[in-house]
Amino acid sequence: MPDLYERSMEETVQRFRRASQNQPEWSEPSRGSWTGIASALDFQQQSSDAEAPPSAKGLSRRTLFAGIGGLVVGAAVGAGGLSLLQTNDTPPVPVKSAVLTPLEEEDVRLGTAELRPLDVGYSLVVEVPEVVEHPGGYIEVWLINVDLTRMVSVGVLPANSSAQFFVSDELVDAGYLVVDLSNEEFDEEPAHSGDTIMRGELRA
């Protein structure tokens, strides 16, 4: 199943590549636009003409577009998994959620997980109110198939109480709905350690 996950990630990367190859059609900005953009990006105005676009100072609009695009894509990829941009500040309504508990203590609530839809795939939001730590190691987040025989890692839980991870449509459709957090060591073993901290199944 890791091949399926890798294929989905490759398809996402290809979409970004195709988008970057499209030639944008530029229109003249309204008065004050370039000054506002230059100020926001901390470009130093060298010209006495406050409305001269950055292209007049060696910075083309194409370069500016590429720079902003690179910052956006870099921020999205660096968020762990792929935290895709939303069009507003209101998070999408989760389609599935789970209560995370110890394996043998299902009445002990340690955290929650939500599957929120994106334009492409889903965002897996994991929240652990009481921050968990693994001194000398790290906490890894897994998705396990409902048949409990297959699993895939979706990322590492940072040193705070919540994180978001990108999950492809294919993984969800194939039944990878059990969220598992495990203690892992800094070794060369990529498999699950067998030391589960908490687990829960995503349900509608």
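Is R150 buried, partly exposed or exposed, and what is its relative accessibility? R150 counts as partly exposed, at 36% relative accessibility; in this usage, buried denotes a relative accessible area under 20%, exposed one over 50%, and partly exposed the range in between, with a 1.4 Å probe and protein chains only.

The structure is a predicted model, in which local features need pLDDT of at least 70 and side-chain atom pairs count only at pLDDT 80 or more, whereas totals for chains, interfaces and linings use all residues. Residues are numbered from 1 along each chain as its sequence is written, and side-chain values use heavy atoms, with hydrogens and water left out.

R150 is joined to D147 by a salt bridge, a term that requires a side-chain nitrogen of Lys or Arg within 4 Å of a carboxyl oxygen of Asp or Glu. The closest N and O atoms of this pair are 2.8 Å apart. D147 is itself partly exposed, with a relative accessible area of 34%.

By the rule just stated, the model contains 4 salt bridges. Another of them links the side chains of E114 and R116, with an N to O distance of 2.9 Å. The two partners fall into separate categories of accessibility: R116 counts as buried at 17%, while E114 is partly exposed at 25%.

A further salt bridge connects the side chains of R203 and E201, at 3.2 Å from N to O. Here the arginine, R203, is exposed, with a relative accessible area of 52%, and its partner E201 counts as partly exposed at 30% relative accessibility.
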